[in-house]
Amino acid sequence: MKTCARKIEFCYAHRLMNHEGKCANFHGHNGIVWIYATTLSFSPLPSSSSSSSTSISPSTLGLDLDKVGRIVDFAVLKEKVGGWIENNWDHKTILNSEDKSTIEILNKLSTENIFLLDNNPTAENLAHYLLWEVCPLVLKGLNVFVNKVVFYETSNCLAEEIALDCNMIDELKKRYR
Ligand SMILES: [Zn+2]
């Protein structure tokens with residue numbers, strides 16, 4: 001199975017409710033996200049009975065590339081996913097929607113832009129949101145789906161959201177159709 005990936009960098013502020021230490025304070029990150037895409041239209045795999053007698057070219061197994069030989073142009077991942085991040089997260093404050101007192105304070109600052117999540121804006125939750133909500137929204141109809149997001153909160157710390165088992169992949173693919 002082939003995947004291709006595009007790196008997207010952005011700046012954001014956040015704080016984590018109920019954190020035991022410094023992450024409960026406002027602070028910022030230079031986040032780095034790797035978006036891994038693969039094709040939605042896999043070639044049908046041969047049945048086990050025919051595979052023993054038929055020679056199969058590896059290039060026809062399990063993957064359809066476009067006429068150029070790509071899963072998707074890297075520029076499309078940058079434009080679609082990077083564009084969404086630039087418009088919604090870059091240089092903004094990402095907060096838990098339960099963080100009412102902080103939201104109220106920031107709403108008084110006219111220059112402040114807030115993005116609300118249903119949970120804490122951890123690297124894990126941001127990677128999850130990108131994989132399950134953002135990528136299906138912006139890449140629908142392009143014959144690709146994102147099966148893995150790697151989110152670097154710092155150069156030393158990352159979280160991954162990966163569609164590994166068949167049920168997860170099927171559920172994810174439905175969001176692209
Ligand atoms: Zn942080």
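The sheet in this predicted model is open and has six strands, ordered β4-β3-β1-β2-β5-β6, with mixed pairing. On the outside sit β4 (114-117) and β6 (157-162), the edge strands, each with a pairing on one side only. Going from one strand to the next, the twist averages 35 degrees.

Which sense does the pairing of β1 with β2 take? These two strands run antiparallel and are joined over 11 bridges. If you want a spot to look at in the viewer, pick Tyr 12: its bridge partner in β2 is His 29.

Next, the helices. α4 (residues 123-139) lies across four strands of the sheet, namely β2, β4, β5 (144-154) and β6. Relative to β5, the helix α4 runs at about 150 degrees.

α4 also has a helix to pack against. α2 and α4 meet at an angle of about 130 degrees, and their axes are 9 Å apart. Why call this pair oblique? Roughly perpendicular stops at 115 degrees and roughly antiparallel starts over 145, so α2 and α4, at about 130 degrees, count as oblique to each other. As for handedness, α2 makes a right-handed crossing with α4. On the α2 side, the contact is made by Lys 80, Val 81 and Trp 84, while α4 brings in Val 134, Cys 135, Val 138 and Leu 139. Sorted by character, the residues of this contact come out as six nonpolar, one charged and no polar.

Now for a couple of backbone oddities. Two loop residues have a positive phi without being glycine, and here they are together:

| Residue | Phi | Loop between | C-beta neighbours inside 10 Å |
|---|---|---|---|
| Asn 18 | about 70 degrees | β1 (4-14) and β2 (27-39) | 9 |
| His 91 | near 55 degrees | α2 (74-88) and β3 (92-96) | 11 |

Is Asn 18 buried or exposed? It counts as exposed, because it has 9 C-beta neighbours inside 10 Å and the cut-off for exposed is 12 or fewer. Asn 18 belongs to the loop linking β1 with β2, the two strands that pair over 11 bridges. His 91 is also exposed, because its count inside 10 Å is 11. The loop that holds His 91 lies between α2 and β3. That puts His 91 in the loop next to α2, the helix that packs with α4.

Terms used. Residues are numbered from 1 along each chain as its sequence is written. This is a predicted model: local features need pLDDT of at least 70, side-chain atom pairs count only at pLDDT 80 or more; totals for chains, interfaces and linings use all residues. A residue is buried if 20 or more other C-beta atoms lie within 10 Å of its own, exposed if 12 or fewer, and partly exposed in between; C-beta atoms are placed from the backbone. Two strands pair if DSSP finds at least two bridges between them. Axes are lines fitted to C-alpha atoms, for helices over the stretch in contact, and angles run from 0 to 180 degrees between N-to-C directions. Two residues are in contact if their C-beta atoms, placed from the backbone, lie within 7 Å. Angles under 35 degrees count as roughly parallel, over 145 as roughly antiparallel, 65 to 115 as roughly perpendicular and the rest as oblique. A crossing is left-handed if the near helix is turned anticlockwise from the far one by less than a right angle, and right-handed if clockwise. Ala, Val, Leu, Ile, Met, Phe, Trp, Tyr, Cys and Pro count as nonpolar, Asp, Glu, Lys and Arg as charged, and the others, Gly among them, as polar.
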